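Student: Could you take me through the aromatic rings in this one, slowly? I'd like a close look at how they pair up.

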Amino acid sequence: PPELRAQLQQQVIDAGGSERARLDRLADFLFRKPGLGMEYSVDATLTVEQAYRTRKANCLTFTLLTVALARESGLQAYGQELDGIVAWRVDDNMIYRSNHVNAGISIGRSRLTVDVARDLVIARDPPKSISDQHLLALYYNNRAAELLAAASPAAAAPYMAMALQLAPRYAGAWGNAGVLRLRQGDPAAAERDYLRALALDPTNASALVNLVTLYRNNGDETRRAIYARRLEKIQEKDPYFQFLQAEDNEMQGDYASAVQHYRRAIRLYDGDSRFYLGLAHAY
């Protein structure tokens, strides 16, 4: 929006100086007032203009906003994806498994990161840069998932189609397309989309979970058993799945099993403090 461009010019660009000084001012502009004072909101998948109007953004929208403003300020900026961090949440009988994105800035030989959820995310691996096209595909994929939950399959379908057009080799989008197809009453198409996701990423747990459920519901026990075994092997190596199992055990009052799952999660990855906190609570 013109008013955002004017505000950026006044508070970030006009003072000049080094690229690092501009980046420092940009960070202040994003996080503090009299700048934008952006607030993190997990379900705020918005456009740059919408984020400016509401001052809310999830990690994806915040990344889009940061990359746009950084480039306007003459900085080399790009989206980054973190595959090693996986966040789960349950909302209205839907389970969401989310990766994380943030903005990367290159200044000389330095690679810096701007992240709205920096205090909420513990990453196992450094972020990887992604193309603008893939970043936009994530936006359309997110909007499709939100509209599927909040509105209808018909509202979500155009966004899902755009995500697949932008990133035809993104397994996560094909898995979500399968969920959409199932909600549209087409289980055969849903199966094809789940299998396409697995062809691109054989370890995609979300596609496997949905495929196993599909075969269980249609009575195909042979295929259900095949993919259930594949899923079990992946889950055995997934610390966050073990963490979820432990939390479920706690809710059921089975603390001995919770301890086993927390300890297994820690053996797989000891860098997330929530695993230790959960284990202490179970003890």
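Tutor: Sure, let's start with two rings: Tyr240 is buried, and Phe275 is buried too. "Buried" is under 20% relative accessible area, "exposed" is over 50%, and "partly exposed" is in between, using a 1.4 Å probe and protein chains only. Before going on, keep in mind that this is a predicted model, where local features need pLDDT of at least 70, side-chain atom pairs count only at pLDDT 80 or more, and totals for chains, interfaces and linings use all residues. Residues are numbered from 1 along each chain as its sequence is written, and side-chain values use heavy atoms, with hydrogens and water left out.

Now the pairs. A pair of aromatic rings is described by the distance of the centres and the angle of the planes. Rings of Phe, Tyr and Trp (its six-membered ring) pair if their centres lie within 6.5 Å; planes under 30 degrees apart are stacked, over 60 edge-to-face, and the rest tilted. Searching the whole structure turns up 7 aromatic pairs.

One of them is Tyr140 with Tyr159: the centres are 6.0 Å apart and the planes sit at 35 degrees, so this pair is tilted. Tyr140 belongs to helix α5 and Tyr159 to helix α6 (residues 153–166), so the pair ties together parts 19 residues apart in sequence. Helices here are DSSP runs (H or I, at least four residues), numbered from the N terminus. Are these two buried or exposed? Neither label fits: Tyr140 is partly exposed, with a relative accessible area of 24%, and Tyr159 is also partly exposed, at 26%.

Back to our buried couple. Tyr240 and Phe275 make an edge-to-face pair, 5.5 Å centre to centre with 65 degrees between the planes. Tyr240 is in helix α11 (residues 239–251) and Phe275 in helix α13 (residues 273–282), so this pair ties together parts 35 residues apart in sequence. These two rings also have company: Tyr240, Phe243, Tyr262 and Phe275 form one aromatic cluster.

While we're at it, helix α5, home of Tyr140, has a neighbour worth a look. The axes of α4 (residues 59–72) and α5 (residues 132–150) come within 10 Å and cross at roughly 145 degrees. Those axes are lines fitted to C-alpha atoms over the stretch in contact, with angles running from 0 to 180 degrees between N-to-C directions. Where they touch (heavy atoms within 4.5 Å), α4 brings Leu60, Thr63, Leu64 and Arg71, while α5 brings Asp132, Leu135, Leu136, Leu138, Tyr139 and Asn142.

Methods:
Helices (H or I, at least four residues) and strands (E, at least two) are DSSP runs, numbered from the N terminus.
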